[in-house]
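Dear colleague,

Please find below the sequence and the structure that I am handing over to you. My notes on what was found follow directly after it.

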Amino acid sequence: MANSLFDINGKVALITGSTHGLGMAMAKGLGEAGATIVVNGNSSQQKIDDAVAELQKEGIHAVGYKFNVTDEMEVIAAVKKIENEVGPIDILINNAGIIKRIPLIEMEVADFKEVIDIDLVSPFIVSKHVVRGMIERRQGKIINICSMMSELGRSTVGAYAAAKGGLKMLTKNMATEWAKHNVQINGIGPGYFATEQTKPIRVDGHPFNDFIISRTPAAKWGEASDLAGAAIFLSSKASDFVNGHILYVDGGILATIGKPSNE
């Protein structure tokens with residue numbers, strides 16, 4: 001019973017911004033669980049090819065498509081091509097995003113708009129054109145990658161927090177409109193994870209490393225497998241009656257204020 005609930009074998013999963021970092025971590029997790037992974041990126045074809053090769057090396061069925069998630073015409077063409085060449089998209093993870101660490105009073109309007117465009121508008125665009133097929137088939141899973149900044153602010157990340165707060169509410173409204181078609185739309189809000197990008201600062205004595213360890217009740221950085229489990233749950237039958245929910249995978253940071261009691 002448990003195995004069938006979490007079975008995603010043979011499902012086609014499109015993960016935007018999945019050439020590295022948490023997108024790649026979720027790609028590996030879903031791929032190891034049997035899903036066919038569609039890697040997406042926009043910076044270079046080489047990065048996509050390298051990511052696909054890395055997944056294939058681990059025995060995962062993966063393909064790659066380069067397209068700009070903020071360009072509606074490119075998205076329409078890409079979704080059509082993926083569904084013709086790979087198969088209907090069963091799982092969509094809107095992961096592509098950027099952050100610009102600039103105090104709001106110093107931030108240019110163009111920079112603010114770029115963050116909103118990629119982190120908030122692109123999930124709307126991609127979901128809009130993927131969900132049409134899901135509605136026709138009366139099944140599908142959409143996962144929007146939110147953030148702890150969907151709930152709280154932090155100095156210099158105002159545009160990012162605005163986008164991720166908006167993405168939380170977009171997720172809820174997608175569920176409001178599409179749940180009746182047996183499509184589940186939820187979000188994941190990652191905490192701080194051990195990735196190649198964070199490796200240089202994950203050393204004892206580094207101020208940010210010490211801050212994360214002391215601020216997180218679990219007293220550690222998250223591992224990629226922690227995020228993969230949440231993604232598999234929200235991609236499988238186990239979450240068929242979960243809709244409009246944001247699952248925070250943060251080691252308990254949002255559960256407390258100040259330093260945790262285990263110090």
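I begin with a histidine. H129 counts as buried because its relative accessible area is 14%, below the 20% limit for that class. Please bear in mind throughout that this is a predicted model. H129 sits in helix 5, and its side chain makes a polar contact of 2.7 Å with the side chain of E72. Apart from residues up to four places away in sequence, H129 touches E72, V75, I76 and V79.

Helix 4 spans residues 72-85 and also holds A77. With a relative accessible area of 46%, A77 is partly exposed. The C-alpha atoms of A77 and G158 are separated by 33 Å, and the two residues lie 81 residues apart along the chain.

Helix 6 and its lysine

Helix 6 covers residues 158-178. Its 21 residues should span 30 Å at 1.5 Å a residue, and the end C-alpha atoms are indeed 30 Å apart, so expectation and model agree. The buried residues of helix 6 are A159, Y160, A161, A163, K164, G165, L167, K168, T171, M174, A175 and W178. They pack against helix 5, strand 5, strand 6 and strand 7, the last of these being residues 246-249. As general background, an α-helix has 3.6 residues a turn, so residues three or four places apart point the same way.

Is K164 buried or exposed? K164 has 3% relative accessibility and therefore counts as buried. The side chain of K164 reaches the backbone oxygen of I145 at 2.7 Å. Beyond its neighbours within four places in sequence, K164 is in contact with D119, I145, C146, S147, M149 and S150. From K164 to T256 the C-alpha distance is 20 Å, with their positions 92 residues apart in sequence.

Helix 8 and the loop after it

Helix 8 comprises residues 224-235. At 1.5 Å a residue its twelve residues should span 16 Å, and the separation of its end C-alpha atoms, 16 Å, agrees with this. In helix 8, the buried residues are L227, A228, A230, A231, I232, L234 and S235. Among the elements that cover them are helix 2, strand 4 (91-94), strand 5, strand 6 and strand 7.

S236 belongs to the loop between helix 8 and strand 7. Its relative accessibility is 1%, so S236 counts as buried. Leaving out neighbours within four places in sequence, S236 is in contact with L5, F6, D7, I8 and K141.

Helix 2 against helix 3

Two packed helices are described by the angle between their axes and the distance between the axes. For helix 2 (residues 21-32) and helix 3 (residues 45-57), the axes come within 10 Å and cross at roughly 35 degrees. The crossing of helix 2 and helix 3 is right-handed. On the side of helix 2, the contact is made by M24, A27 and K28, and on the side of helix 3 by A51, E54 and L55. Sorted by class, the residues in this contact are four nonpolar, no polar and two charged.

A buried asparagine

N40 lies in strand 2, which runs over residues 36-41. N40 is buried, with a relative accessible area of 2%. A polar atom of the side chain of N40 is 3.2 Å from the backbone oxygen of F67. N40 and Y65 are 25 residues apart in sequence, but their C-alpha atoms are 5.2 Å apart. Not counting residues up to four places away in sequence, N40 touches L14, I15, T16, G17, S18, T19, Y65, F67 and V69.

Two backbone points to check

Most residues other than glycine have a negative phi. Which phi does R138 have, although it is not a glycine? The phi of R138 is positive, at about 55 degrees. R138 is placed in the loop between helix 5 (109-137) and strand 5 (140-145), and at 44% relative accessibility R138 counts as partly exposed.

N182, which is not a glycine either, has a positive phi of about 65 degrees. N182 is found in the loop between helix 6 and strand 6 (183-190). With 34% relative accessibility, N182 counts as partly exposed.

With kind regards

Technical notes: Residues are numbered from 1 along each chain as its sequence is written. This is a predicted model: local features need pLDDT of at least 70, side-chain atom pairs count only at pLDDT 80 or more; totals for chains, interfaces and linings use all residues. Side-chain values use heavy atoms; hydrogens and water are left out. Axes are lines fitted to C-alpha atoms, for helices over the stretch in contact, and angles run from 0 to 180 degrees between N-to-C directions. Helices (H or I, at least four residues) and strands (E, at least two) are DSSP runs, numbered from the N terminus. A crossing is left-handed if the near helix is turned anticlockwise from the far one by less than a right angle, and right-handed if clockwise. Contact means heavy atoms within 4.5 Å. Ala, Val, Leu, Ile, Met, Phe, Trp, Tyr, Cys and Pro count as nonpolar, Asp, Glu, Lys and Arg as charged, and the others, Gly among them, as polar. Buried means under 20% relative accessible area, exposed over 50%, partly exposed in between (1.4 Å probe, protein chains only). A polar contact is a pair of N or O atoms within 3.5 Å; within protein, one must be able to donate a hydrogen and the other to accept it, and residues adjacent in sequence count only if both atoms are side-chain atoms. The expected span of a helix is 1.5 Å times one less than its number of residues.
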